[in-house]
Amino acid sequence: MKQYYVDRGGEQVYRPPFDAQGVDFFSFVIKADKAAMNKSICDLCLNGPSNQPGRYEMAIPYVMVVYNNIASLVSTDPPFNNRGHFPEHEGAIWTLVRDTQDEKLFWFHPYIFVDNSYALSMGREIYGFPKALGEMTIPTCHTTPDLLATDTIVVPEFGPNALASKQRLIEVKRQGKGDVALEILENLEALGTTLWSILTEDSLTGDLELLVHELEALLRREVDMIFLKQFRDVGNPALAVGQSIVSLDARLTKLSGVALYTDRFDITIGDFVSHPIRKDLGLPDGPIESIANFWVGFDMWIGPGEQVWPEGGS
C-alpha cells in the first residue's frame with residue numbers, strides 16, 4: 001500500500017514533470033565493447049535484478065560522453081512550480097540499450113555526475129539516475145569547447161587504509177590550437193544525416209538498423225531512458241528495498257541550435273577501482289579519440305516516468 005510522500009522543510013525532491021530550459025548538450029562518441037557492456041550494464045543492472053536473462057542488451061558498440069549545462073530546471077507541478085528553479089551542470093556516460101521483448105531502445109546512464117544536491121536527490125529518488133556529486137568543467141559557450149572534465153571523489157585502490165580523494169575522472173580535450181572548427185547545422189535532421197555518414201564509415205554494419213531507429217526517434221525529438229531504481233535495506237544492507245526498473249519519456253520542446261565539431265577531441269578516463277568505467281565499457285588504455293563530436297541547444301520536458309518491472313507498478 002502506497003503512502004503519501006511527506007514534504008518536509010528543506011525538501012529537495014520536487015515533484016515531476018520538470019522543464020529543463022537553456023540546455024547546452026555537448027556529446028562525444030567513442031567506440032566501446034558490447035560484450036563488456038552487456039555484462040557490466042545489461043546483466044548487472046537490468047536482466048539480473050528482474051530475473052529476465054537476455055531481455056536487455058546493448059544496441060550498438062558505441063557510447064556518448066556527454067556534458068550538459070542546464071540553465072534552469074523547474075518543476076511544473078503545483079505547488080512546486082512556485083518554489084524556484086535550479087541550474088545544473090552534468091557529466092555522464094550514455095549507452096543505448098535494446099529491450100528485446102518490447103523492441104524498444106532506451107538510453108541508460110551507468111555513470112552520471114551533477115554539481116548540486118537537488119539534481120542528485122531528485123534524479124536518484126524519483127527515477128533511479130545513479131547520480132553522484134562532482135565538479136564539472138564545461139564551456140559557457142558552445143563555440144569554445146576546448147576542455148570538458150569531471151572531478152569527483154574516488155578510491156584509487158580498495159583496502160582498510162584506502163583514502164578517498166577528489167581526482168580528475170573524465171577529461172575531454174580538443175587537440176590543436178586556434179579557433180574551433182565548427183560547422184553550424186540547420187536542424188536535427190542535418191545532424192542525423194551527418195552522424196549516419198560518420199558512423200557508417202566506421203563500419204557499424206549489423207547495427208545500422210538499430211541506429212536508424214534511434215536517429216528517427218531523435219528526429220522526432222523523443223528521448224527514452226531506462227534506470228535501475230533501488231534503495232539499500234536498513235536491516236540487511238546486502239538487500240534492496242523498492243528495487244524496480246523505471247522508464248522515462250522526455251521530449252525536446254524547443255531547439256535553439258545544432259553544431260558539429262570537426263576538430264579532434266581526445267578523451268581520458270582515470271583508472272580508479274571505485275569507478276571502473278574503462279572495464280565496464282571495454283575501453284582501451286590511454287587517451288581515446290572521439291569519432292563524432294556535436295552540440296545541441298534545446299529545452300526539454302521530463303515526464304513522471306513509468307515502472308517497467310515489477311509489472312503493475314505506477
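These legends describe close-up views of aromatic rings in a predicted model.

**View 1. The aromatic pair F25 and W94.** Among the 13 aromatic pairs in the structure is the one formed by F25 and W94, which is edge-to-face. The ring centres are 5.4 Å apart, and the planes meet at 85°. This angle counts as edge-to-face because it is over 60 degrees. F25 belongs to strand β1 (residues 18-31) and W94 to strand β3 (residues 86-99), so the pair links distant parts of the chain, 69 residues apart. F25 has a relative accessibility of 8% and therefore counts as buried. W94 is buried too, with a relative accessible area of 7%.

**View 2. The aromatic pair Y261 and F265.** Y261 and F265 form a tilted pair. Their ring centres lie 5.9 Å apart, with 55° between the planes. Is this pair of residues, Y261 and F265, buried or exposed? Both residues are buried.

**View 3. A cluster of rings.** F25 and W94 appear again here, joined with W107, F294 and F298 into a cluster. The links within this cluster are ring pairs.

**View 4. R83 over the ring of F80.** Here an aromatic ring has a charged group as its partner. The charged end of R83 sits over the ring of F80, and the distance to the ring centre is 4.3 Å.

**View 5. K131 over the ring of F129.** K131 lies over the face of F129. How far is K131 from the ring centre? The distance is 4.9 Å.

Definitions and conventions: Residues numbered from 1 in each chain as written. Predicted model: local features only at pLDDT ≥ 70, side-chain atom pairs only at ≥ 80, totals over all residues. Heavy atoms only, no water. Phe/Tyr/Trp six-rings, centres within 6.5 Å; stacked < 30°, edge-to-face > 60°. Helix = DSSP H or I, 4+ residues; strand = E, 2+ residues; numbered from the N terminus. Buried < 20%, exposed > 50% of the residue type's maximum accessible area, 1.4 Å probe, protein only. Lys NZ or Arg CZ within 6 Å of the ring centre and 35° of its normal.
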